[in-house]
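Please open the model in your viewer with both the cartoon and the side chains available, and follow the stops below in order.

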Amino acid sequence: MAEEHKINIVLAGQGNAGKSSVFNYLTGLHQHIGNWAGKTIEKREGTLFYKGHTIDVLDLPGIYSLTTYSVEELIAREYIIQHHPDYVINVIDSTNLERHLIFTLQLLELECPVILVLNMTDLAKKKGITIDLRKLQETLGIPVIPAVASRGTGLSEVIDKAIELKGKKSDHPVHPFGKEIERCISRLSELLKEVSLPYPVRWIAIKLLEKDHEVVKLVKKRNPEIIHEVKRLEKELEEIHGHDSSIVISDERSHLASHITRETVKIAVHKEISLSDRLDAVTTHKVAGYLIMVLILGGMFMAVFGFGNWLSGLLGNLIGNWHAWWSTTVGVTFGASLGWSAIESVLALFQIAFPYILPFYVLLYILENWGYIARISFLMDKLMHKMGIHGKGCISFIIGLGCNVPGCLSCRIMESKRERFITAVLVTMVPCSAVSVIVFGLVGKYVGILWALGLYVFAMILIFITGKISSKLVKGEPVELIMPMPDYKTPHLKTILLQTWDSLKEFVFIAAPIVIISGVVIQAIHLAGWMPAISSFLSPVTVQWLGLPAITGILLIFGILRKELILVMLAAYLGTTNFSDALTSQQMIVLAVVSMFYVPCVATISVLWKEYGWKKALLVCVVETAGAILLAGILKRVMDIF
Amino acid sequence: MNNQVSLTELEDGQTAVIITVNGGRQLIKRLADLGITSGTEIKIIRKTLLSGPVQVEVSGSRLVLGWGLADKIVVEGYG
């Protein structure tokens with residue numbers, strides 16, 4: 001392939017700009033697109049073959065700024081500087097031009113070739129916003145192309161432009177700051193010329209004045225003298241402006257964006273209140289908003305369960321006699337039994353994934369693409385603050401109701417490490433669909449539905465208390481909620497299906513290996529005949545403290561694999577699903593409480609491990625197991641009194 | 001000219017001009033990168049009960065700010 005036919009482009013932009021839609025359209029690869037900001041964190045790459053050109057596309061994390069507040073922002077910035085892509089495609093939301101232009105200005109400071117994609121021009125038109133493209137192009141000094149990425153409109157023009165301009169020397173338009181700042185930048189640029197750094201000199205000068213931690217460190221290593229000069233200049237600037245120099249620069253950038261917007265955008269005043277605004281008013285209402293939220297989430301939960309139980313029963317019947325078939329065909333040797341447990345683990349995973357997780361994701365993404373999830377964060381922010389995290393954490397809780405694995409993964413949307421960890425810990429206590437199977441299948445069916453619902457309320461209270469405690473224990477300042485409020489928009493079916501498929505795939509890939517390995521290990525222990533020893537070893541806890549039959553020791557070990565196995569194995573052991581033969585009502589409640597809160601399932605543990613290290617994962621397991629056993633034992637004693 | 005007040009003292013639907021943000025450098029910068037900076041107009045779309053988050057409109061964009069944060073934003077000229 002000739003070198004001139006290869007083009008590297010990267011996509012950059014703030015969250016909610018539709019960057020992922022552009023990526024999907026260009027590469028045909030699947031990716032998350034969402035309404036909550038800053039969700040894409042993984043590196044996504046793809047290739048497009050177009051008019052004889054090979055175009056490599058990289059999707060950078062959606063971020064708000066190129067100042068290093070977060071890892072994602074650092075990743076994006078470093079990538080652009082170090083890899084010199086042929087083009088940075090800056091995707092921005094036409095309906096929020098001003099806010100997005102601040103980011104564009106920062107990109108231009110990096111002196112990389114930028115093509116600006118004005119996305120969502122259809123929504124802008126609806127809102128009565130007209131943007132003077134030619135003027136915007138002239139003012140910014142870069143190509144500007146209007147697009148509607150969700151429909152693919154305008155995107156081939158973007159690529160055509162990249163091909164057309166490839167190799168042509170582009171001059172980097174400079175958007176000067178105020179006089180004093182420019183003077184400081186020139187002075188620093190002079191000094192920086194002596195130091196060889198792989199970054200544009202002007203950009204380093206700006207970042208030094210912005211007190212960018214990474215850049216200051218870098219320059220200090222090469223030439224500490226320059227930092228002294230920076231300090232002196234910063235002081236000068238602060239005396240003139242009465243503000244910290246870093247804020248003066250941000251302010252000027254923001255005002256420049258504002259100025260450009262005023263020059264290029266006309267908004268027709270329309271008296272009519274849009275449907276989105278009206279919906280927004282109702283769904284974020286002080287009273288009605290909460291009622292609607294309970295209805296929507298309750299409805300979603302019931303729909304998932306109704307569908308899940310039906311499909312799970314159907315699948316159960318379908319694969320019910322596979323074990324018998326395996327035993328007669330392959331045999332009942334040690335190896336064959338282990339093989340079967342591996343297969344059974346995968347089958348069981350699919351029995352959770354398709355009946356429960358799949359519809360759950362579909363509904364979740366409908367709500368997300370519609371714009372409702374951001375409203376939930378808004379409504380729940382206050383309550384979440386009491387647990388030391390903010391409103392966005394609620395999203396992870398809701399996802400956790402389906403399955404703790406994606407629930408924990410979604411904690412990445414929280415800004416600080418502290419918030420991520422607290423949210424993840426709390427998510428592991430959210431009763432997932434497998435736990436719900438136990439709660440409803442045991443307590444709901446044999447003790448009473450009110451008791452089952454009571455256990456959910458109990459879980460909520462416990463999560464709240466744990467949140468309060470961990471917000472005190474985990475060091476660091478709580479972060480306040482800053483979140484763009486998206487307009488309500490019609491969800492695209494294709495987007496929802498792609499997102500669902502993607503999340504389902506992630507769930508299966510993360511969970512499958514762990515579930516198979518541990519399934520085989522436990523089966524091996526079972527075949528080795530160590531189970532009775534284990535259950536008698538555990539009996540001081542299970543029998544004496546919790547008042548449960550000794551067999552539950554083994555059940556709880558299997559439950560680590562997947563929680564609903566506790567119920568499945570109990571049925572297998574009893575030879576019947578009539579659990580009231582073996583357990584009293586009190587024992588059922590105690591067993592359900594232990595199952596809800598003791599160590600998270602292996603798949604969740606593996607996510608905790610991956611995201612927060614083995615020490616923290618182990619800590620969570622130990623504390624939650626001890627807590628659950630303690631709590632259930634106390635509950636038993638309280639019930640003994642009545 | 002009205003007195004300077006905290007953003008949280010404004011009522012739903014009121015517009016004011018941002019004077020300053022009482023906070024650390026990081027916070028002020030973060031807000032400035034979102035267009036929330038002195039001299040900019042800010043409109044309260046709605047507040048919530050019991051000091052919950054505040055929905056605002058700045059330069060054509062809707063944002064949600066936690067109460068504690070909104071409280072740090074000083075505005076004047078509201079009406």
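Begin by selecting B:Ile44, whose bridge partner in β4(B) is B:Val56. This pair belongs to a predicted model, and the two strands around it, β3 (residues 41-46) and β4 (residues 54-58) of chain B, pair in the antiparallel sense over 4 bridges. As for confidence in chain B, β4(B) is where it is highest, at a mean of 90, whereas helix α1 (residues 25-33) of chain B is where it is lowest, at 80. Chain B as a whole averages a pLDDT of 84, with 96% of the residues scoring at least 70, and the model scores ipTM 0.89 and pTM 0.78.

Next, widen the selection to the sheet. Which strands make up the open sheet of 7 strands, and in what order? Moving across it, you should meet β9(A), β5(B), β4(B), β3(B), β2(B), β6(B) and β1(B), with antiparallel pairing. The edge strands are β9 of chain A and β1 (5-6) of chain B, each of which pairs on one side only.

Now stay at the edge that chain A provides. Here β9(A) pairs with strand β5 (residues 61-65) of chain B in the antiparallel sense over 3 bridges, and if you select A:Pro484 you will find B:Leu63 of β5(B) standing opposite.

From there, turn to the whole contact between the chains, which takes 31 residues from chain A and 30 residues from chain B. On the side of chain A that touches chain B, the elements giving two or more residues are α3 (97-109), α11 (245-264), α16 (372-385) and β9 (482-484). Among these, select α11(A), which gives the most, with 8 residues. If you colour this side of chain A by residue class, it divides into 11 nonpolar, 12 polar and 8 charged residues.

Leave the interface and hide chain B for the remaining stops. Select helices α19 (residues 417-429) and α21 (residues 449-473) of chain A, which pack at an angle of about 160° with their axes 10 Å apart; because angles over 145 degrees count as such, α19(A) and α21(A) are roughly antiparallel to each other. Their crossing is right-handed. Showing side chains, you will see A:Ile422, A:Val425, A:Leu426 and A:Met429 of α19(A) meeting a set of residues in α21(A) that includes A:Ala459, A:Leu462, A:Ile463 and A:Thr466. The contact of α19(A) with α21(A) has 7 nonpolar, 4 polar and no charged residues.

A second helix pair is the next selection: α7 (residues 179-192) and α10 (residues 224-241) of chain A, packed at an angle of about 175° with their axes 11 Å apart, and therefore roughly antiparallel to each other. Residues of α7(A) in this contact include A:Glu180, A:Cys184, A:Arg187 and A:Leu191, while those of α10(A) include A:Ile226, A:Glu229, A:Leu233 and A:Ile240. By class, the contact of α7(A) with α10(A) comprises 10 nonpolar, no polar and 3 charged residues.

Finish at a hairpin in chain A, formed by β2(A) and β3(A) with 2 residues between them. Strand β2 (residues 44-50) and strand β3 (residues 53-59) of chain A run antiparallel and are joined by 7 bridges, and selecting A:Phe49 leads you to A:Thr54, its bridge partner in β3(A). In the turn, the residue to pick out is A:Lys51, which has a positive phi of about 45°.

Key: Residues numbered from 1 in each chain as written. Chains lettered and ligands numbered in written order. Contact = placed C-beta atoms within 7 Å. Nonpolar A, V, L, I, M, F, W, Y, C, P; charged D, E, K, R; others polar. Pairing = 2+ DSSP bridges. Axes fitted to C-alpha atoms, helices over the stretch in contact; angles between N-to-C directions. Parallel < 35°, antiparallel > 145°, perpendicular 65-115°, else oblique. Left-handed = near helix turned anticlockwise from the far one by under 90°. pLDDT = per-residue confidence, 0-100.
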